[in-house]
Amino acid sequence: MFHNPTVPLAPMTPDAVLSAFGYLRAVEAGDTEAAAGLAGADPRMPALLADAAERIIVPVTSLCGTDPDPCDHSFALEAVGHVLVATLHGWAQAGPGGVEGIAHGVITFVRQVLTQEESGETVADVLRQMEAVGFGQAEARPSPKGLLPGRLTIA
């Protein structure tokens, strides 16, 4: 179920971006009440989180344009990124029961791979940055009418 990074994902709507990242920030902050409210407000939350995760993970782990001289480690990182994304999408298929696990998976990836703690950056900082990017993409390229936000292709 590998996704081809050269095929773009359908943009998330601004509301979907706000919902997904609001939930991630609430879980990361330990605000279980806010997280439960956000998850209960949108039954699509597991799929929204998996889509948001794919937008974070694939660009970071992809070989396309990121490594001018790919090596075995580059290919392994890309494969691990694809496995993680496929796993998160699998959990999303399980329904609302998978939402917290998906969130923790995304947060762990952000903490371990994207957060530069030595410079004082926090997971919350990175999530806000990723939300801003997602929101900017959503506003720049709104989904065509009738097209649900999400993956264009599943291979």
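**A tour of a six-helix chain**

Begin with the whole protein chain: its accessible surface comes to about 8,300 Å², of which 60% belongs to carbon and sulfur atoms (Shrake-Rupley method, 1.4 Å probe). This is a predicted model, in which local features need pLDDT of at least 70 and side-chain atom pairs count only at pLDDT 80 or more, while totals for chains, interfaces and linings use all residues. Residues are numbered from 1 along each chain as its sequence is written, and side-chain values use heavy atoms, with hydrogens and water left out.

Colour next by burial: 41% of the 155 residues count as buried (under 20% relative accessible area, 1.4 Å probe, protein chains only). Switch then to a cartoon, which should show 6 helices and 0 strands (DSSP runs of H or I, at least four residues, and of E, at least two). Among contacts (heavy atoms within 4.5 Å) between residues at least 6 apart in sequence, 74% join residues at least 24 apart.

Now select residues 14–29, helix 1, and residues 32–41, helix 2. Their axes come within 8 Å and cross at roughly 155° (lines fitted to C-alpha atoms over the stretch in contact, with angles from 0 to 180 degrees between N-to-C directions). That makes helix 1 roughly antiparallel to helix 2 (an angle over 145 degrees).

Finally, display the side of each helix that meets the other. Helix 1 contributes G22, Y23, A26 and V27 to the contact, and helix 2 contributes A34, A35, L38 and A39. These residues divide into 7 nonpolar, 1 polar and no charged; Ala, Val, Leu and Tyr are among those counted as nonpolar, and Gly counts as polar.

Technical notes
Angles under 35 degrees count as roughly parallel, over 145 as roughly antiparallel, 65 to 115 as roughly perpendicular and the rest as oblique. Buried means under 20% relative accessible area, exposed over 50%, partly exposed in between (1.4 Å probe, protein chains only).
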